[in-house]
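Visitor: I would like to know what the words used for this model rest on. Could we take them one by one?

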Amino acid sequence: MNISGHTKVYGVIGNPIEHSFSPFIHNMLAEETGIDMVYTTFHVKEGQLENAVKGLDGLNIQGINVTVPYKLDIMNHMDEVAPMAKNIGAMNTVVRKDDKLVGYNTDAIGLKMSLDKIDVDLKGQSILIIGAGGAARAVAVMCAEAGAKLIAITNRTLEKAEELAEVISDKYDVETVALPLELVKDGEGLLNESLTIAFQTTSVGMSPNVADSPVGGSTFFKNLDVAVDLIYNPGETKFLRNAKESGAKTINGLGMLYYQAVRAFELWNDMTVSDAINEKCYNAFIRKMSPETI
Ligand code: ATR
């Protein structure tokens, strides 16, 4: 890396932020693409979000990523918010264009890009989403945007699944349904016949609770073609292991983590990262992550 007076500055804001993987990904992409930029973390302490956003103009910072706990609040400080980020109700990327701040959500697109890489097409599919929090909403919007036929949402708290189902069917031309988790968990068979792709968006099964899974009925995984778990630590959750044993294609959250960064990088630099660079950088990212995900 050759930092000079011309080098553009980017970064990620959050609290805490020390453990972010984004600097690794973005600085690697910068090196591979030859773009003169550097990416670092900015620890924005409680109450400092507004000052931090003002600082972008003040310091001529070109763009930032935004992580917990600011993904919702930051929307109030944008000049414009992209429609998809509005529908998700959260954003993770700020692009500074002509001195205007524009907010995007690249998490959902990142997940879509990681599915494209393994040839999973959501168009016309009937999909189950487990969970109804912020991550589930991003997944639901992504599925609706990708042309899913039916989105079923199941959650420990049924009312939240019902609310999310309503939000999505209000905004998109897609059929939605909320299902009690108990029904799904025991795998009555009813679901498994029509729903062939499942997204696991809760924290259940995350390290150290690796023996847990939000579903478990022996018939749940029957007829499941694709199982996606947003968790990446461990790299293979019990949910994914059971799905794989039943013959489903499985994917963890590392692809989403990598490609949300790629999409932000592309927006900032108005370009597309080539397949060859993505392959090289993704493999380096996986190698870097593997001690944490085994
Ligand atoms: P995120 O932004 O990561 O989605 P969130 O908005 O706090 O986080 O949502 C967490 C999701 O995980 C919710 O769907 C939550 O279910 P509830 O709405 O019933 O709380 C789900 N979740 C968390 N712990 C769970 C558990 N032990 N069993 C089942 N679901 C759980």
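Guide: A molecule sits in a pocket if more than half of its atoms lie within 2 Å of the pocket's grid points. The ligand in this predicted model sits in the second largest pocket, so it meets that condition.

Visitor: What volume does the second largest pocket have, and which residues lie nearest its centre?

Guide: Its volume is about 370 Å³. The second largest pocket is lined by 21 residues, and Gly 131, Asn 155, Arg 156, Thr 202 and Val 204 lie nearest its centre. α5 and α7 (181-185) are the elements that give two or more residues to this lining.

Visitor: Why is Lys 160 listed among the residues around the ligand?

Guide: A residue counts as near a molecule if one of its heavy atoms lies within 4 Å of it. Lys 160 is one of the residues around the ligand, therefore at least one of its heavy atoms is within that limit.

Visitor: What makes the pair between Arg 156 and the ligand a polar contact?

Guide: The cut-off is 3.5 Å between N or O atoms. A polar side-chain atom of Arg 156 lies 2.8 Å from an oxygen atom of the ligand, so the pair counts. For Ala 132, a backbone N or O atom lies 2.9 Å from a ligand oxygen, and therefore this pair counts too.

Visitor: How much of the ligand's surface does the protein bury?

Guide: Taken alone, the ligand exposes 650 Å², and the protein buries 62% of that.

Visitor: Which classes make up the shell around the ligand?

Guide: The shell has 3 nonpolar, 7 polar and 2 charged residues. Gly 131 is in the shell and counts as polar, because Gly is placed in that class.

How values were computed
Residues are numbered from 1 along each chain as its sequence is written. This is a predicted model: local features need pLDDT of at least 70, side-chain atom pairs count only at pLDDT 80 or more; totals for chains, interfaces and linings use all residues. Side-chain values use heavy atoms; hydrogens and water are left out. A polar contact is a pair of N or O atoms within 3.5 Å; within protein, one must be able to donate a hydrogen and the other to accept it, and residues adjacent in sequence count only if both atoms are side-chain atoms. Accessible areas come from the Shrake-Rupley method with a 1.4 Å probe; for residues, only the protein chains shown count as cover. On a 1 Å grid over the protein atoms alone, a cavity is a set of points where a 1.4 Å probe fits but cannot get out, and a pocket is an open set with protein on both sides within 12 Å along at least five of seven lines; lining residues have an atom within 4 Å of a point. Grid points are joined across faces, edges and corners, and a volume is the space filled by probe spheres set on the points. Helices (H or I, at least four residues) and strands (E, at least two) are DSSP runs, numbered from the N terminus.
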